[in-house]
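Work through the exercises below with the sequence and the model open beside you. Each task sentence is followed by a solution that goes step by step.

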Amino acid sequence: MIFEILKREAIYLWYYFDIQLRQFFLYWVFGILLGSAISVFAKKWICRAAEFLGQKIPGIIALVFASALGIASPLCMYGTIPICAAFSKKGIDDDFLAAFMMSSILLNPQLIVYSAALGPEILAVRIASSFFCGILAGLIVKIYCAKGRAYFDFSSFGEPREKDTDKNLFLRYLKNVMRNIRATGFWFLLGIFLSAVFQRYVSSDIVEKLFGKNEGFGVLMAATVGVPLYVCGGGTIPLLLDWLANGMSAGSAAAFMITGPATKITNLGALKIALGIKNFAFYILYVMALSFIAGIFVNLIL
């Protein structure tokens, strides 16, 4: 009897898992191919552009460019911080680095491709919220540094280590693709499995009550859930799609998409070293407050 029940539930889970896998697999593959292409062929140009703009362009205009370049950067946090450390040594201001780093944490070209599966409206929300979060972070750090204070401490970080060094361009690209698959493959499949579990065992009424009906509470819940649940961007897309289909508001999705990557455990260790305890605490407060405000704003305009 128990075996029959387990067999039946396994069949149901596989059914939902198979549907999600078919729906997201091409997004995952294309995201990896695009992300690796940018990393191998365009990363140096993005870094050079950031260095030039950080030194030559003044004021808020520089922060706009910095946030845009952060989104275009394929680097993870452990690649972004050493790059910013190198920029800092060349005299680029902390506000420019803050805008670049913040938007880079929240979004990258590969994650944009993944997020396209959520539909054009949520994709636009994700890009816009990441972009403005970066600019606002730069403005706040600019005000903080107005009296000559430094926001970052990059003394513990050396020169960034280049992994794409193979002389054969095709092999260099292929190795980057394989690293990308190893880094995201498990979390991608785990996200699809969790989405299948939610579809099978969690009713749409519960999702709507948590993330939809009471918009203020829903945004706060999504921002809070994003902290422990977010591990890999690709892995959360199936969950978000399922939640959105079951009543999650666009604002709650926006809040989740801000707090998730911004508080990802693998990012926080490096950030704590670069920021110090006081500024790190301020960073966490900024992320939580901004995710809530962004979520409420998105719900109002959509």
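**Exercise 1.** The charged end of which residue sits over the ring of Trp45, and how many Å from its centre?

*Solution.* The model used here is a predicted one, and this holds for every exercise that follows. Start at the ring of Trp45 and look for a charged end placed over it: it belongs to Arg48, at 5.4 Å from the ring centre. For a charge to count as sitting over a ring, the CZ atom of Arg must be within 6 Å of the ring centre and within 35 degrees of the ring normal. Then turn to Tyr144, where Arg149 lies over the face of the ring at 4.3 Å from its centre.

**Exercise 2.** Describe the make-up of the protein chain in terms of helices and strands, and then its overall dimensions.

*Solution.* Begin with the elements: the protein chain holds 13 helices and 0 strands, so that reading from the N terminus gives α-α-α-α-α-α-α-α-α-α-α-α-α. Next take the dimensions, where the C-alpha trace spans about 70 × 50 × 30 Å along its principal axes. Then compare the radius of gyration with the value for a compact globule: for 302 residues that value would be near 19 Å, and the protein chain, with 20 Å, agrees with it. As a last step, consider burial, for which 49% of the 302 residues count as buried.

**Exercise 3.** How many aromatic pairs does a search of the whole structure find, and what is the geometry of the pair formed by Tyr15 and Tyr16?

*Solution.* The search finds 13 aromatic pairs. One of them joins Tyr15 and Tyr16, whose ring centres are 5.4 Å apart and whose planes stand at 65° to each other, an edge-to-face arrangement. Tyr15 is partly exposed, because its relative accessibility is 49% and the range for that class runs from 20% to 50%.

Now apply the same reading to Phe87 and Phe100, where the centres lie 6.3 Å apart and the planes meet at 70°, so this pair is edge-to-face as well. Phe87 belongs to helix α4 (residues 77-89) and Phe100 to helix α5 (residues 94-106), and the pair therefore links distant parts of the chain, 13 residues apart. Both Phe87 and Phe100 are buried. To finish, follow the ring pairs that link Tyr144, Tyr151, Phe152 and Phe154 into a cluster.

**Exercise 4.** Which residues are linked with Glu9 in a network of salt bridges, and is Glu9 buried or exposed?

*Solution.* Recall first that side chains of opposite charge can pair when their charged atoms come close. The count for this model comes to 5 salt bridges. In one of them, Glu9 meets Arg8 at 3.5 Å from N to O; in another, Glu9 is joined to Arg200, with the closest N and O atoms 3.0 Å apart. The bridge between Glu9 and Arg200 links distant parts of the chain, since Glu9 lies in helix α1 (residues 2-41) and Arg200 in helix α8, 191 residues apart. Taken together, Arg8, Glu9 and Arg200 form a network of salt bridges.

For the second part, compare the accessible areas: Glu9 is buried, because its relative accessible area is 13%, whereas Arg8 is partly exposed at 44%, and Arg200 is partly exposed at 27%.

**Exercise 5.** Which parts of the chain are tied together by the salt bridge between Asp95 and Lys142?

*Solution.* First check the contact itself: the closest N and O atoms of Asp95 and Lys142 are 3.4 Å apart. Then place each partner, Asp95 in helix α5 and Lys142 in helix α7 (residues 120-144), so that parts 47 residues apart in sequence are tied together. Finally, compare the surroundings: Asp95 is buried, with a relative accessible area of 8%, while Lys142 is partly exposed at 39%.

**Exercise 6.** Which residues make the nonpolar surface patch of about 430 Å²?

*Solution.* The patch is made by Phe170, Leu171, Leu174, Met178 and Ile181. To place one of these residues, note that Leu174 lies in helix α8 (residues 169-201). Leu174 counts as partly exposed, because its relative accessibility is 37%.

Methods
Residues are numbered from 1 along each chain as its sequence is written. This is a predicted model: local features need pLDDT of at least 70, side-chain atom pairs count only at pLDDT 80 or more; totals for chains, interfaces and linings use all residues. Side-chain values use heavy atoms; hydrogens and water are left out. Rings of Phe, Tyr and Trp (its six-membered ring) pair if their centres lie within 6.5 Å; planes under 30 degrees apart count as stacked, over 60 as edge-to-face and the rest as tilted. Buried means under 20% relative accessible area, exposed over 50%, partly exposed in between (1.4 Å probe, protein chains only). Helices (H or I, at least four residues) and strands (E, at least two) are DSSP runs, numbered from the N terminus. Patches are made of residues with over 30% relative accessible area and no salt bridge: like charges are joined within 9 Å, nonpolar side chains (Val, Leu, Ile, Met, Phe, Trp, Tyr) within 5 Å. Accessible areas come from the Shrake-Rupley method with a 1.4 Å probe; for residues, only the protein chains shown count as cover. A salt bridge is a side-chain nitrogen of Lys or Arg within 4 Å of a carboxyl oxygen of Asp or Glu. The radius of gyration is taken over C-alpha atoms; the globule rule is 2.2 Å times the number of residues to the power 0.38.
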